Every structure is written in C-alpha cells, then in structure tokens.
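Here is a short tour of one protein chain, written for someone who likes to have the coordinates open while reading. Have the viewer ready, and let us walk through the fold together.

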Amino acid sequence: MKPFRIEDGSKFRLKDFDPADTLEFSAEDKPRAREALAEGIEALCGLQDKLYAQDRYGLLVILQAMDAAGKDGVIKHVMSGVNPQGCQVHSFKAPSAEELDHDYMWRCFKCLPNRGQIGIFNRSYYEETLVVRVHPEFLANEKLPPKLVTKKIWKERFQDIRCFERYLSRNGIVVRKFFLHVSKREQRRRFLERVQNPEKYWKFSSSDMSERGLWHEYQNAYEDMIRNTATSYAPWYIVPADNKWFTRVVVGAAIIEALADMKLAYPDVSEGKLKEVAAARRALQK
C-alpha cells in the first residue's frame with residue numbers, strides 16, 4: 001500500500017495515479033490475492049481482539065469514492081472476519097432535516113468509534129467538500145449565515161477537517177482515509193452490469209447517471225480535497241479500484257498496518273486476578 005499513501009498533498013495530482021494499477025501483479029495473481037486477503041483477515045481478527053481488550057485506541061476508516069467504485073465490497077470482504085461487537089459501519093447519505101439544523105460535522109461526530117473499536121464511514125464529512133461543492137444548491141440548504149458563505153469556504157472547511165483529525169489522533173483515534181479510484185470506463189462497465197442483470201437492479205439509481213455527467217467536476221473536487229487534507233496523522237490512500245481483488249488487498253494491508261503500529265497487547269493481569277484465575281481452575285478441575 002506504500003505507493004498509494006499520501007501524507008503531503010502539496011504536489012498531489014490525481015492523474016498521476018492509474019485506476020487500473022496492480023503494481024507488478026496481473027490477473028493471474030488473483031488466487032494469490034485471495035490467499036493474501038484471507039491471511040490478512042485472520043491477522044486483522046487477532047489485532048482487533050487486542051484492540052478491544054486493550055481499550056486504549058480506536059480506529060476510524062473513511063471510504064470515499066465515485067459510484068460503483070466498490071466501497072460496499074471492501075467492507076464486506078476486508079472486514080468479514082472481524083468481531084461485530086468491535087466494529088461499526090455508518091453510511092452517510094443526503095442529510096436529514098434534523099442534520100441540516102446542526103453543523104455539518106455533527107452527524108459524523110456522534111458516530112465516531114469508541115476506544116477498542118473500529119469505525120467505518122461509508123462516505124463521511126468529506127461529502128461537504130465534494131457533492132456540496134459540485135452542487136452549490138446543497139450549500140444553500142445548510143442554513144449558514146450569509147456572511148459565512150464566502151469564496152474561502154472550501155479552504156476553511158479543509159482547515160477545520162485537518163484540525164478535527166489532529167484532535168482525534170491526539171485522543172487515541174487513529175484515522176485512515178481511502179479514496180477508491182475507479183476509472184470512468186470501468187464505472188460504465190459496472191453500471192451496464194447493473195442495468196442488464198435483474199439481480200442488480202436494486203443497486204441502480206437514476207442519480208448515478210446524473211452524477212456521472214459531472215465526472216470532471218468531481219475529479220477536480222477529489223484532487224483538491226486530497227491535496228488539502230492529506231497529513232502524516234491522517235493520510236489518504238489513493239487505491240486503484242478497477243480491479244476489485246487488488247483494491248481489497250491494498251485496503252486490508254493498510255488497516256492491518258495501522259493496527260500493528262499501535263503496538264497492541266492484551267492488558268496485564270494483576271496478582272489478585274491471577275489468584276482468582278488459579279482458584280477457579282482448581283475448583284473446576286476437582
């Protein structure tokens with residue numbers, strides 16, 4: 001995952017990243033990728049158990065992407081072996097009336113993971129610098145005082161997000177962000193699959209096509225977002241998403257690395273607790 005990690009966005013250009021990139025691997029390596037993912041899931045399960053037991057850190061995983069890039073598939077396959085008690089997934093769609101009566105961070109803030117847990121945001125507060133930027137009419141619905149809606153609003157939101165993520169990192173919530181980078185050609189293929197397969201009709205929405213028509217605007221918004229919010233404490237991963245098998249391995253590897261860097265361990269047990277365990281063992285062995 002290292003070639004895809006961005007900590008300093010000052011020179012970032014989205015065009016420098018190929019959505020079909022698989023490094024030195026090819027389609028023939030799919031079986032190896034499945035094995036690697038299975039081994040990764042086993043490692044992830046062990047790390048999550050220690051995360052839960054230690055109860056010091058939390059992990060926030062943010063997934064952002066264009067439609068049909070594979071966010072749901074990443075969650076399903078990469079997190080398949082994780083204990084549900086220690087993992088929560090939140091999907092953020094168009095804000096409700098209640099959410100519009102609060103600041104834009106509010107609905108995400110209340111869903112942050114507890115210590116000892118992994119939280120996954122399927123879309124996030126970053127939508128406020130993406131879809132709201134591409135659709136200025138959405139900004140008008142947020143009831144901001146007119147004097148606060150200036151040409152600096154996106155720069156100010158990037159600044160707020162950087163400060164928010166620094167705050168989380170300073171309080172033991174590790175943030176890892178993933179942009180699943182799918183090509184327009186591959187998105188078209190996946191959309192066609194949805195409209196030609198009755199079992200996938202439910203995945204299709206007419207809004208998918210209207211948003212596809214704004215592809216260039218979204219690519220510019222994503223580039224500016226990553227350029228302004230990639231930091232050492234909350235890096236972005238620009239994950240090639242044209243090949244799902246590769247996408248899932250990269251995301252899994254990055255999550256495992258984030259947990260491994262926490263130096264997780266089971267809590268030390270006191271002398272009193274050891275005596276209790278020994279007494280219970282003797283009683284059970286009689």
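A residue is called buried here when its relative accessible area is under 20%, and exposed when that area is over 50%. Please keep in mind that this is a predicted model.

**Helix H8 and its two sides**

With that cut-off in hand, helix H8 is a good place to start. Helix H8 covers residues 184-196. Its 13 residues reach 18 Å from first C-alpha to last, close to the 18 Å expected. Within H8, the buried residues are Glu186, Gln187, Arg190, Phe191 and Arg194. They lie on the same side of H8, because together they cover an arc of only 140° around the axis. In an α-helix there are 3.6 residues a turn, so residues three or four places apart point the same way. The face turned away from this buried side carries Arg185, Arg188 and Gln196, which are exposed.

What do the buried residues of H8 pack against? Their partners are helix H9 (206-212), helix H10 (215-229) and helix H11 (244-260).

Helix H10 deserves a look of its own. The ends of its 15 residues are 21 Å apart, C-alpha to C-alpha, which agrees with the 21 Å it should span at 1.5 Å a residue. Many side chains can be picked out as buried in H10, including Trp215, Tyr218, Tyr222, Met225 and Ile226. Polar names are on that list too, among them Gln219, Glu223, Asp224 and Thr229.

**The sheet**

Now turn to the strands. Six strands make an open sheet in the order E1-E6-E5-E2-E4-E3, with mixed pairing. Strands E1 (5-6) and E3 (87-91) are at the edges with a single partner strand each, so one side of each has no neighbour in the sheet. Helix H2 (residues 71-78) packs on this sheet, where it touches E2 (58-65), E3, E4 (118-122) and E5. The direction of H2 makes about 145° with that of E2. Another helix, H7 (residues 153-170), lies across E2 and E5 and runs at about 135° to E5.

Strands of a sheet pair through backbone hydrogen bonds, either parallel or antiparallel. Three of the pairings are set out here.

| Strand pair | Sense | Bridges |
|---|---|---|
| E5 and E6 | parallel | 5 bridges |
| E2 and E5 | parallel | 8 bridges |
| E1 and E6 | antiparallel | 2 bridges |

Some opposite residues make handy landmarks. Between E5 and E6, Phe178 stands opposite Tyr237, and Phe179 stands opposite Ile238. Ala65 stands opposite Leu180 in E5. On the other flank, Arg5 is the residue opposite Tyr237 in E6.

Is E5 enclosed or open to the outside? All 9 of the 9 residues of E5 are buried, so this strand is largely enclosed by the rest of the structure. In a regular strand the side chains alternate between the two faces of the sheet. Both faces of E5 are covered, with Ile173, Val175, Lys177, Phe179 and His181 on one side and Val174, Arg176, Phe178 and Leu180 on the other. Strand E6 is likewise largely enclosed, because 5 of its 5 residues are buried. There, Trp236, Ile238 and Pro240 are on one side, and Tyr237 and Val239 are on the other.

**Residues worth a click**

His181 has its place in strand E5 and is buried, with a relative accessible area of 5%. Beyond its neighbours within four places in sequence, His181 has contacts that include Leu14, Phe17, Asp18, Gln219, Ile238 and Asp242.

The largest nonpolar core has 78 residues, and Tyr125, Phe178, Ile255 and Leu259 touch the most other members. Helix H11 gives the largest share of this core, 8 residues. Tyr125 is in contact with Leu60, Ile62, Tyr104, Met105, Cys108, Ile161, Phe164 and Glu165, its neighbours within four places in sequence left aside.

Finally, Glu257 is found in helix H11. Glu257 is partly exposed, with a relative accessible area of 21%. Which residues does Glu257 contact outside its neighbours within four places in sequence? They are Met1, Lys2, Arg5 and Tyr237. Glu257 and Met1 are 256 residues apart in sequence, yet their C-alpha atoms are 9.5 Å apart in space.

Definitions and conventions
Residues are numbered from 1 along each chain as its sequence is written. This is a predicted model: local features need pLDDT of at least 70, side-chain atom pairs count only at pLDDT 80 or more; totals for chains, interfaces and linings use all residues. Side-chain values use heavy atoms; hydrogens and water are left out. Two strands pair if DSSP finds at least two bridges between them. Helices (H or I, at least four residues) and strands (E, at least two) are DSSP runs, numbered from the N terminus. Contact means heavy atoms within 4.5 Å. Axes are lines fitted to C-alpha atoms, for helices over the stretch in contact, and angles run from 0 to 180 degrees between N-to-C directions. Buried means under 20% relative accessible area, exposed over 50%, partly exposed in between (1.4 Å probe, protein chains only). The expected span of a helix is 1.5 Å times one less than its number of residues. The arc is that of the directions from the helix axis to the C-beta atoms. A nonpolar core is a set of buried Ala, Val, Leu, Ile, Met, Phe, Trp, Tyr and Cys residues joined through side-chain atoms within 4.5 Å.
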